[in-house]
Amino acid sequence: MTHHLVVLGAGYAGLAAAKGAARRLRRGDVRITLVNAVGHFVERVRLHQLAAGQQLKDLPLSTLLAGTGIELVVARVTAIDAAARTVRLDSAPYTLAYDTLVYALGSTAATAAVPGAAAHASSVATYEDAVRLRERTRDAQGSLVVAGAGLTGIEAATELAEAHPGLKVQLVTDGELGAGLSERGRRHLRTALDRHGVALREHTRVSEVAAHGLILADGGEIPADAVVWTAGFCVPGLAREAGFAVDARGLLSVGPTLRSLSHPEVFGAGDAVAAYGPDGAASRMSCQTGLPMGAYVAGSVAATLTGRTPKPLRLRYVWQNISLGRRDGLTQFTRADDSPVAAVLTGRASARFKEAITRGTVFALRR
Ligand SMILES: Cc1cc2nc3c(=O)[nH]c(=O)nc-3n(C[C@H](O)[C@H](O)[C@H](O)COP(=O)(O)OP(=O)(O)OC[C@H]3O[C@@H](n4cnc5c(N)ncnc54)[C@H](O)[C@@H]3O)c2cc1C
């Protein structure tokens, strides 16, 4: 009987997994179905650009999958029944049975972290979030505060400030700006924020988001017409609800071949998965890990289905690429364990470099 491989999520990880598996496995032996909530590929790394009013390329999944033999189901996964090995969907065909499952449902903004964030803050974590933020800042006036100065917060603050010079933008963090970067990298970030007129507030803990701005743990307030929540990402609860082994944050727990620690017929890749390097450090939520994990999981599934033993995944980092508007950027080169080295690339050279990587990623996914 034909084996059914179902891949959940057509982001960087799921698309790479489905296409990689289609390349490796014979169509007569394995049928592959890819399930995604929307019918197009979302270039999440450009969502701050979408929020700032730029047009993104339309990338229909049907085009990206043409000729692969992969069946596309556009529907939202609402539950996974681990015992019956079925996935429940919110639209036709409503139920899908699987023999092997790849879990690659990505992440969303962690707006449950403080009261009021879900109700009053915007974000740039999903396509819909970015469109809502674009509508909110369309008149390009007033004040906007970005809460969370990780890479996404920095990119969102600078992009929005560049696109809307009339908007007063503040960036708030409970720690220090660029804590994981080199000294040169941190200096460049501060210069770029200054140039964009983005006011930085460090060591400032937010306890609540209200309709009129941020309420701080020390009792203070930061009034703002709009709040963008970029302080962390969270994952869908489906893996936990299915009874799969997950970590404290609900990320699917997998071994060195990205196979679920509790359910051997389940594999995972991307933001929704907690993979660990040989040094015990958890994978960073990024395309830099999602794409190789997706490609790797295709090989891992193919090896398992053909009776071979896959080699363990070796995650290695090379850089962190941060855009600072359209004409500036920071490329922080790293060691394989993601720790920064002194070398950085800045300015237009970094912006061009990141643009080339981003385009190259879509080019690779097309193939
Ligand atoms: C603004 C922004 C900028 C970023 N910049 C960078 C960067 O410069 N470099 C970098 O490496 N990383 C960057 N990232 C992080 C990167 O985008 C993510 O790590 C990456 O998208 C993870 O890939 P993924 O395939 O795991 O998940 P995703 O790309 O999120 O894909 C998950 C897919 O699953 C689908 N899905 C989710 N739930 C369901 C459901 N219930 N049913 C059906 N489908 C569902 C979604 O629609 C989506 O298509 C950025 C993120 C953001 C938000």
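**View 1. Gln320 sits in strand E21, which covers residues 319-323.** Strands such as this one are DSSP runs of at least two residues (E), while helices are runs of at least four (H or I), and both are numbered from the N terminus. Keep in mind that this is a predicted model, where local features need pLDDT of at least 70, side-chain atom pairs count only at pLDDT 80 or more, and totals for chains, interfaces and linings use all residues. Residues are numbered from 1 along each chain as its sequence is written, and side-chain values use heavy atoms, with hydrogens and water left out. Is Gln320 buried or exposed? Gln320 counts as buried, at 10% relative accessibility; buried means under 20% relative accessible area, exposed means over 50%, and partly exposed is in between, using a 1.4 Å probe and protein chains only. Leaving aside neighbours within four places in sequence, Gln320 has contacts (heavy atoms within 4.5 Å) with residues including Leu151, Arg284, Gln288 and Asp338.

**View 2. Here helix H1 (residues 12-24) packs with helix H9 (residues 287-305).** Their axes are 7 Å apart and meet at an angle of about 30°. The axes are lines fitted to C-alpha atoms, for helices over the stretch in contact, and angles run from 0 to 180 degrees between N-to-C directions. That angle makes H1 roughly parallel to H9; the term is used for angles under 35 degrees, with over 145 called roughly antiparallel, 65 to 115 roughly perpendicular and the rest oblique. The crossing of H1 and H9 is right-handed, meaning that the near helix is turned clockwise from the far one by less than a right angle, whereas anticlockwise would be left-handed. Look for Tyr12, Ala16 and Gly20 among the H1 residues of the contact, and for Leu291, Gly294 and Ala298 among those of H9. The residues of this contact divide into eleven nonpolar, four polar and one charged. Here Ala, Val, Leu, Ile, Met, Phe, Trp, Tyr, Cys and Pro count as nonpolar, Asp, Glu, Lys and Arg as charged, and the others, Gly among them, as polar.

**View 3. This view shows the largest nonpolar core, which has 60 residues.** A nonpolar core is a set of buried Ala, Val, Leu, Ile, Met, Phe, Trp, Tyr and Cys residues joined through side-chain atoms within 4.5 Å. Which residues have the most contacts inside this core? They are Leu8, Ile80, Leu101 and Phe244. Helix H1 gives the most to the core, with eight residues. Beyond its neighbours within four places in sequence, Phe244 is in contact with residues including Ile80, Tyr98, Leu101 and Val266. Another core, of 32 residues, lies apart from this one, and Ala161, Val169, Leu171 and Ile322 are among its members.

**View 4. Pro93 lies in the loop between strand E5 (86-89) and strand E6 (95-97).** The peptide bond from Ala92 to Pro93 is cis, with omega near 10°. In the loop between E5 and E6 you will also find Tyr94, a residue other than glycine with a positive phi, near 70°. Tyr94 is partly exposed, with a relative accessible area of 48%.

**View 5. Leu258 belongs to the loop between strand E18 (252-253) and strand E19 (266-268).** Leu258 is not a glycine, although its phi is positive, at about 65°. With 0% relative accessibility, Leu258 counts as buried.
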